[in-house]
Amino acid sequence: MRTLHVIGSTQMGGADQFFVRLLTALTEAGHAPLAVTRAGSPIAQALASGPVRQLHLPLANRWDAWSWWQLRRQIEREGIGLVQTYMGRASRLMHVPAASACVHVARLGGFYKLDGYYRHCDAWIGNTQAICDYLVREGLPAARVFRIGNFVPEPPAVAAGELARLRTGLGLPPAAPVLFALGRFIDKKGFADLLHALARLPAVEAGRAPRLLLAGDGPERARLEALVHALHLDGRVHFLGWQERPTPYFRLADALVCPSRHEPLGNVILEAWSHRRPVLSTANEGASELIRDGDNGLICPLADPDGLAAGIARLLALPAEARERIAGRGRATLDAEHGQSAVLARYLELYEHLRTLGRRSR
């Protein structure tokens, strides 16, 4: 069955990265998905050097009659049996012709507004159980709501020399624990909470005070940099900028900290598990579903710098072998529930199921 995948994003967040991964995996597995993206977008650029076919459309945030018409035309021209849309813009624009047998499934990675964006679709994919439960509570038919998680790529090897140069360049003392956090610098990611927590950790000698590597960018960068100075954390927090290749920093780190106040899934947790790093996360939606406290990660209170500081202290007090055990359990969870082959198989099974199920009556 030929599939069309539509995304109108202009950034490269977690959903966008997963779009690239899934379509690349589908293509490499012998399928021929057609990606509809915005010309010049980070997603289009990421796919440009790979095997995935692309069609560029404006996919404007306003009413875009040209894209609407071209999407419907592609269904007929390409003999598309299933369209999968990602996030609100693409889902709103995609209206399968009434006479077509093509099925429209929308993938949601958050608790988004449904009216005007998603309710007209034939089926829905949530990447967590909480999102699926939300969709059903909002009145979508449970028999057409499906849970399929994300997968992350296997991390590449990093030469020891590169890690040594990075450590030296950052000025990381040999005895200092290294924490890593990454994401967009927006309020819901909780990076301000993390900085307050770091400042509240018990005092230790300068060479043993934890260092924080903070990768990302966004509208709150200036505020976070000012907060570092106000909390007297200069020299202990390193702003790395947006990292397309974060693997070296995962390798440098002793643990990943996810301080998010709101996180539907938590791709950063999956990435840390892929690098066999222990994870400390606030009890956001995604982490609460992924992590079993004390087994495959550690959980601390949400939006609570004191609780986050206690969680960091708890993590750093663990013996090395205990942290390794937690990291290993995280990796095992990743392989069992979020491995590429398992997730890809679930998508292919769902596509075949939806082909048989057909469109829903409105």
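Two strands are said to pair if DSSP finds at least two bridges between them. I begin with that criterion because several of the relationships in this talk rest on it, beginning with strands β5 and β6, which pair in the parallel sense over four bridges. Please keep in mind throughout that the structure before you is a predicted model.

Let me first describe the chain as a whole. It contains 14 helices and 13 strands. Its radius of gyration is 22 Å, close to the 21 Å that the globule rule gives for 362 residues, so the chain is as compact as a globular protein of that length. Along the principal axes, the C-alpha trace spans about 70 × 35 × 35 Å. Of the 362 residues, 55% are buried. The accessible surface comes to about 15,200 Å², and carbon and sulfur atoms account for 53% of that area. As for contacts between residues at least 6 apart in sequence, 63% of them join residues at least 24 apart.

I turn now to the strands, starting at β1, residues 2-7. Five of its six residues are buried, so β1 is largely enclosed by the rest of the structure. Which strands does β1 pair with? One is β4, residues 80-86, in the parallel sense and over six bridges; here R2 has I80 as its bridge partner. Another is β2, residues 34-37, which runs parallel to β1 and is joined to it by three bridges. Within that pairing, the partner of L4 is L34. Between β1 and β2 the chain passes through helix α1, residues 14-28, and this β-α-β crossover is right-handed.

Next, the pair with which I opened. Strand β5 covers residues 103-108, and H104 is found in it. Is H104 buried or exposed? Its relative accessibility is 2%, and buried means under 20%, so H104 counts as buried. The side chain of H104 makes a polar contact of 2.9 Å with the side chain of T85. Residues up to four places away in sequence aside, H104 touches V83, T85, S91, M94, V96, H120, C121, D122 and A123.

One of those residues, A123, brings us to strand β6, residues 123-126, both faces of which are covered. On one side A123 and I125 are buried, and on the other W124 and G126 are buried as well. In the pairing of β5 with β6, W124 is the bridge partner of A106. Strand β6 also pairs with β7, residues 145-147, again in the parallel sense, over three bridges. In that pairing G126 stands opposite R147. The connection from β6 to β7 runs through helix α5, residues 129-137, and this β-α-β crossover is right-handed.

I should like to continue with two leucines. The first is L214, which lies in strand β9, residues 211-215. With a relative accessible area of 1%, L214 is buried. Its C-alpha atom is separated by 5.7 Å from that of L182, and the two residues are 32 apart along the chain. Leaving aside neighbours within four places in sequence, the contacts of L214 are A181, F185, F191, H238, F239, L240 and G241.

The second is L252, in helix α9, residues 247-252. L252 has a relative accessible area of 7% and is also buried. What does L252 touch, when residues up to four places away in sequence are not counted? The answer is L163, L166, R167, L170, L172, V178 and L213. The C-alpha atoms of L252 and N296, which are 44 residues apart along the chain, are separated by 20 Å.

Finally, I come to helix α10, residues 267-274. How many of its eight residues are buried? The count is eight of eight, so α10 is largely enclosed by the rest of the structure. The buried residues are N267, V268, I269, L270, E271, A272, W273 and S274; among them are E271 and W273. After α10 comes R276, whose phi is positive, near 55°.

To close, I return to two points about this predicted model. Strand β1 and helix α10 are each largely enclosed by the rest of the structure. The crossover from β1 to β2 is right-handed, and the crossover from β6 to β7 is right-handed too. Thank you for your attention.

Note on methods: Residues are numbered from 1 along each chain as its sequence is written. This is a predicted model: local features need pLDDT of at least 70, side-chain atom pairs count only at pLDDT 80 or more; totals for chains, interfaces and linings use all residues. Side-chain values use heavy atoms; hydrogens and water are left out. Buried means under 20% relative accessible area, exposed over 50%, partly exposed in between (1.4 Å probe, protein chains only). Helices (H or I, at least four residues) and strands (E, at least two) are DSSP runs, numbered from the N terminus. A crossover is right-handed if, with the strands pointing away from the viewer, the path from the first strand over the helix to the second runs clockwise. A polar contact is a pair of N or O atoms within 3.5 Å; within protein, one must be able to donate a hydrogen and the other to accept it, and residues adjacent in sequence count only if both atoms are side-chain atoms. Contact means heavy atoms within 4.5 Å. The radius of gyration is taken over C-alpha atoms; the globule rule is 2.2 Å times the number of residues to the power 0.38. Accessible areas come from the Shrake-Rupley method with a 1.4 Å probe; for residues, only the protein chains shown count as cover.
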